[in-house]
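Student: I should like to learn how to read the features of a protein model. Could we look at one together, feature by feature?

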Amino acid sequence: MVRTNKTEILAKIYDYFDIAIANLPVSYGNGPRLATKGAALAYKSRIALYMGDYATAATAAKACMDLGVYQLHTNYGDLFLPTTRNSKETVFDIPRNKDLDVILNPRSAQKVVPRTLGGYGQEQPTWQLLAVYQCTDGLLIDESPLF
């Protein structure tokens, strides 16, 4: 079996992102943040970073920022509250709310619904990421009796 060269595969991935970037809208209004031009640019930048292609990553990220659609949320802690679900910081979002029965494509969306709400929790942060957060007592969560 002959393996396809990594650069050839990456070029094809970039082509797919470029098609999406050319054809997706900048936004869908005030609704959920689904697949948009900005999301395609952000994901292209992300894959380029993973592959060590920093020039492409920078170009795609800059193009995403230049859309003028996204901005950092003013308070990081508030970003995870239900009241900030359509924050300008959110680039791509799969809307879901078990209580309101708002789930796009429940079969595929179940894997991104937290385990505490009946999902698989596959898309949740790793323990390593979670463990770097501090409780209100200043201790890391795996050291604090508050967790």
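Student: How many residues does helix 2 have, and what distance does helix 2 reach from its first C-alpha to its last?

Tutor: Please keep in mind that this is a predicted model. A helix can be checked by setting its span beside the span expected at 1.5 Å a residue. Helix 2 covers residues 37–50, which makes 14 residues, and reaches 20 Å, close to the 20 Å expected. Just after helix 2, Gly 52 takes a positive phi of about 75 degrees.

Student: Where does helix 2 stand in the protein chain as a whole, and what pattern does the chain follow along the sequence?

Tutor: One begins by listing the elements in order. The pattern is α-α-α-β-β-α-α, with five helices and two strands. Helix 2 is thus the second α of that pattern. The protein chain has 147 residues, of which 22% count as buried. Among contacts with a separation of 6 or more, 32% join residues 24 or more positions apart.

Student: Which residues of helix 2 are buried?

Tutor: Burial is judged by relative accessible area, and under 20% counts as buried. In helix 2 the buried residues are Lys 37, Gly 38, Ala 39, Ala 40, Leu 41, Lys 44, Ser 45 and Ala 48. What covers them includes helix 1 (6–23) and helix 3 (54–66).

Student: Lys 44 appears in that list. Why does Lys 44 count as buried?

Tutor: Lys 44, in helix 2, counts as buried because its relative accessibility is 13%, and the cut-off is 20%. A list of contacts then shows what surrounds a residue. Beyond its neighbours within four places in sequence, Lys 44 is in contact with Tyr 14, Phe 17, Asp 18, Ile 21, Thr 56 and Ala 60.

Student: Which residues make up the largest nonpolar core?

Tutor: To read a core, one names its members and then asks which elements supply them. Here the seven residues are Ile 21, Ala 40, Leu 41, Ala 60, Cys 64, Val 69 and Tyr 70. Helix 2 and helix 3 are the elements that give two or more residues to this core. Two of the core members, Ile 21 and Ala 60, are also contacts of Lys 44.

Student: Which residues line the second largest pocket?

Tutor: A pocket is read through its volume, its lining and the classes of its residues. About 210 Å³ of space lies in the second largest pocket. The lining consists of Ala 42, Ser 45, Ala 61, Cys 64, Met 65, Tyr 70, Gln 71, Leu 72, Lys 88, Glu 89 and Val 91. Helix 2 and helix 3 each give two or more residues to this lining, and helix 3 gives the most, with three. By class, seven lining residues are nonpolar, two are polar and two are charged.

Student: Is Asn 23 buried or exposed?

Tutor: Asn 23, found in helix 1, is exposed, with a relative accessible area of 60%. A second reading compares separation along the chain with distance in space. Asn 23 and Lys 37 are 14 residues apart along the chain, and their C-alpha atoms are separated by 7.6 Å.

Student: Where does Phe 92 lie?

Tutor: Phe 92 is in the loop between helix 3 and strand 1 (96–97). Phe 92 counts as partly exposed because its relative accessibility is 37%. Phe 92 and Thr 36 are 56 residues apart in sequence, yet 7.8 Å apart in space, C-alpha to C-alpha.

Student: Which residues does Leu 139 touch?

Tutor: Leu 139 belongs to the segment after helix 5 (127–130) and is partly exposed, at 35% relative accessible area. Not counting residues up to four places away in sequence, Leu 139 touches Tyr 133, Gln 134, Ser 144 and Pro 145.

Notes: Residues numbered from 1 in each chain as written. Predicted model: local features only at pLDDT ≥ 70, side-chain atom pairs only at ≥ 80, totals over all residues. Heavy atoms only, no water. Helix = DSSP H or I, 4+ residues; strand = E, 2+ residues; numbered from the N terminus. Expected span 1.5 Å × (residues − 1). Buried < 20%, exposed > 50% of the residue type's maximum accessible area, 1.4 Å probe, protein only. Contact = heavy atoms within 4.5 Å. 1 Å grid on protein atoms, 1.4 Å probe; cavity = no way out; pocket = protein on both sides within 12 Å on 5 of 7 lines; lining within 4 Å. Points joined across faces, edges and corners; volume = space filled by probe spheres on them. Nonpolar A, V, L, I, M, F, W, Y, C, P; charged D, E, K, R; others polar. Core = buried A, V, L, I, M, F, W, Y, C linked by side-chain atoms within 4.5 Å.
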